[in-house]
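Colleague: I should be grateful for a close look at the metal site of this model. Please set the site in the context of the whole fold.

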Amino acid sequence: MVIVEANRIQAVDRRTALEPHLRERGASISMRDLGGRWLMPGLMDMHVHLSLALPGPAQLAARLETDMAVTLRAYRNALDGLQAGVTFMRTLGDARFVDLELKRAINAGQVTGPRLFCAGQAVIITGGHGFGSGASLEADGADGFRQAVRRQLRAGADVIKIAITGGIAGEYEQIRDSQATYAEMEAACQAAHNAGRRITAHAGSAVAISSGVRAGLDCVEHGYFLDQPTVDLMSDRSVYLVPTLSVSRAEDYMRRIGCPQWMIDKSLRAGDEHMRSFQLALASGVPMAMGTDMLPADPYDGTLAVYREVEWMVEGGMPEMAALRAATFSAAELCGVQADLGSISTGKLADLVAMPANPLEDIRALRGIDFVVKDGAVVRDGCN
Ligand SMILES: [Zn+2]
C-alpha cells in the first residue's frame, strides 16, 4: 500500500502496517485498488526531442511550421508519452525553446504533461550534427561555444547538450567524424558547470568521447563506437551513458516516417557495434540511464519506443532490475533529482505506473502499463 497526500508519498508498507495511518485520516482518504497490479516509479526518458523532425518529409514540413503548430505538436508528443507512463522527460534539443515553454505551462498547471528537464537547443559546430533540424544552435570556437551555452542558460535550460561527433541523421557526416574541438568542449563544460548545470554530448566515437570526458562531460548520448579505455575512463569518472539502442535498429520505423535511404543505411550499419559498445560499458560498470531518442510513445516494433528501448537493454544483457533502474532511479540521479523522484519511497513525489504482469519476470510487461500517476494525480486509469 502506498499512501499519497497531495503530491507526495507519505508512507509505503503492507496494508496491515498502515492501518493506524488509515484510521487517523478516516473518511478523508480515497482508496484506489489496483487489482493486484505491479507498481513501480514513473518511467524517466533521458533522451527526447518533443519537436522531433527527422530528415525526410517530417523535417521539410517542420521548416514551414508556425510557432503555434510546433507548440501544439510538442504538447501532444509530451502528453502521449505521459499516457504511456513516462512521467519525466529530459529533452535534448528542441526547436524555438518549445520544451522550455511547455515546461512552464505544465509546471503552472495550465496543461497536463510530464515533468520536463530541458536543454533548449543543442549546441553544435557550423554544419554539425543536427543542423537544419531547427533544434540546434551553430557556434564555433571556445568563445562561440561559451556564448551558445549561455544562451541556453538564459532561456532557462536545466541541462546542456552539445554535439561532438557526427551521427546517423546527417547526410554529410559520418558517425566517427570528430566535430567539436577540445577547446570548444572545455568551454561548454565550464559554462555549464559554472551555472551548476550538467552537460551531455551527442557522441559516436571512442576518441571523441575520451576527449570529451577529459574536457568535463557528465554524460554521453549513444556511444555508438566505444572501446575499453573509454569505458574505463567513463566508469572511473562516473560519467553516464544513455545508449539509445533503438536508433540503430529501427528500419521499419524509419521507412514508415519516410527517412532517406542514406540515413537508414547508416543506422543499420552501426547496429552491431553499437550493441557491443553498450555491452562493453555494461561489463565495465559505466552508470547508465534509459533514453529513446524517439518520441517515447512512437509506435515501434509492435509496441511503443520507450518500452522497446528498455527491452533492448535487457536483450543486450542488462538484468531486468538494472534496466528498470536505468529507466527510473539512475535517470533521476543523472538529473540530480533523486531526492524527489526515481523510487517509491516516503517523502518523494508521487509519480507512479502500474501494469498487470511482473516486469522482473518478463520485461515486456511494461507494454501493459495502464495506470499512471503524475504528481499525485491519476492521469490514466485502466484498472477497471
Ligand atoms: Zn537525440
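Modeller: The description begins with the metal site and then turns to the whole chain. This is a predicted model, in which local features need pLDDT of at least 70, side-chain atom pairs count only at pLDDT 80 or more, and totals for chains, interfaces and linings use all residues. Residues are numbered from 1 along each chain as its sequence is written, and side-chain values use heavy atoms, with hydrogens and water left out.

His47 (NE2), His49 (NE2) and Asp293 (OD) coordinate the zinc ion at 1.9 to 2.3 Å. Donors here are N, O and S atoms within 2.8 Å of the metal (3.2 Å for Na, K and Ca); water is not among the atoms, so sites may look incomplete. Along the chain, the donors of the zinc ion have the spacing H-x1-H-x243-D. Distant parts of the chain are thereby linked: His49 lies in the loop between strand S4 (43–48) and helix H2 (57–63), and Asp293, 244 residues apart from His49, in the loop between helix H10 (261–283) and strand S13 (299–300). Helices (H or I, at least four residues) and strands (E, at least two) are DSSP runs, numbered from the N terminus. Both His49 and Asp293 are buried, that is, under 20% relative accessible area with a 1.4 Å probe, counting protein chains only.

As to the whole fold, the protein contains 13 helices and 17 strands. Of its 384 residues, 57% are buried. The C-alpha trace spans about 65 × 45 × 40 Å along its principal axes.

Definitions and conventions: Buried < 20%, exposed > 50% of the residue type's maximum accessible area, 1.4 Å probe, protein only.
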